[in-house]
Amino acid sequence: MFEKNDRILFAAKIILYFAIFIFAVASLVLGIVLSIVMESSVLFLVAFAGWFVCLLMWVFSKLLLSYLCDIKLIRNKLYGESNAKLERFLKDTDKGEASSELPNKQ
C-alpha cells in the first residue's frame, strides 16, 4: 500500500547523505583555498565551521528521517501491512537495542 513512500524515504536518505558529504568536502577545500589565496590562517576556520554545519545537517536529517520512518511504521501496523520493505531503511539503526515486543502470556 505504501511502497512508493518506502522508496521516497530511502531516496531522501541517500540524497541527504550525499549532499552532506559534498558540502563537507566543499567546505574543507574552500577553507584551504581561501587561507592560501588570502594568506590568512583565520580563513582556515571556514573549513571547521563547514564541518560543524555538516554535523548539524546530519543530526537533523537523521532526526527527520527517523520521525518519518516511525510514522510509516505506525501506518503499516494500523493497516496490517508488512514492514519488510523498510528493512533497507532501518538497517543502520542500533543493532544492540532490545526488542520492544513482549512475549505473549497464555
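The protein chain has three helices and zero strands, where helices (H or I, at least four residues) and strands (E, at least two) are DSSP runs numbered from the N terminus. Read along the sequence, the pattern is α-α-α.

This is a predicted model, in which local features need pLDDT of at least 70, side-chain atom pairs count only at pLDDT 80 or more, and totals for chains, interfaces and linings use all residues. Residues are numbered from 1 along each chain as its sequence is written, and side-chain values use heavy atoms, with hydrogens and water left out.

**Confidence and overall figures**

The mean pLDDT (the predictor's confidence in each residue, from 0 to 100) of the protein chain is 76, and 74% of the residues reach 70 or more. Over residues 96-100 pLDDT stays under 50, and the model has zero contacts beyond four places in sequence for this stretch; contact means heavy atoms within 4.5 Å. Among contacts in the protein chain between residues at least 6 apart in sequence, 64% join residues at least 24 apart.

The accessible surface of the protein chain is about 8,500 Å², with 70% belonging to carbon and sulfur atoms; areas come from the Shrake-Rupley method with a 1.4 Å probe, and for residues only the protein chains shown count as cover. Of the 106 residues, 18% count as buried. Buried means under 20% relative accessible area, exposed over 50%, and partly exposed in between (1.4 Å probe, protein chains only).

**Helix α2**

Helix α2 covers residues 45-79. At 1.5 Å a residue, its 35 residues should span 51 Å, and the end C-alpha atoms are 51 Å apart, which agrees; the expected span is 1.5 Å times one less than the number of residues. Buried residues in α2 are Ala47, Gly50, Cys54, Ser61, Leu65, Cys69, Lys72 and Asn76. An α-helix has 3.6 residues a turn, so residues three or four places apart point the same way. After α2 comes glycine 80, with a positive phi near 70°.

**Contacts between α1 and α2**

Serine 27 lies in helix α1 (residues 3-37), as does isoleucine 20. Valine 46 and leucine 56 are in helix α2. Their accessibilities are listed below.

| Residue | Relative accessible area | State |
|---|---|---|
| Isoleucine 20 | 10% | buried |
| Serine 27 | 6% | buried |
| Valine 46 | 29% | partly exposed |
| Leucine 56 | 36% | partly exposed |

Leaving aside neighbours within four places in sequence, serine 27 is in contact with Val46, Ala47, Gly50 and Trp51. On the same basis valine 46 touches Ser27, Leu30, Gly31 and Leu34. The C-alpha atoms of valine 46 and serine 27 are separated by 6.7 Å, although the two residues are 19 apart along the chain.

Isoleucine 20 contacts Cys54, Met57, Trp58 and Ser61, again without neighbours within four places in sequence. Isoleucine 20 and tryptophan 51 are 31 residues apart in sequence and 9.4 Å apart in space, C-alpha to C-alpha.

**Nonpolar patch**

Phe23, Phe52, Val53, Leu55, Leu56, Met57, Trp58, Val59, Phe60 and Leu63 form a nonpolar patch on the surface, with about 920 Å² of accessible area together. Patches are made of residues with over 30% relative accessible area and no salt bridge, with like charges joined within 9 Å and nonpolar side chains (Val, Leu, Ile, Met, Phe, Trp, Tyr) within 5 Å. A salt bridge is a side-chain nitrogen of Lys or Arg within 4 Å of a carboxyl oxygen of Asp or Glu. Helix α2 gives the largest share of the patch, nine residues.
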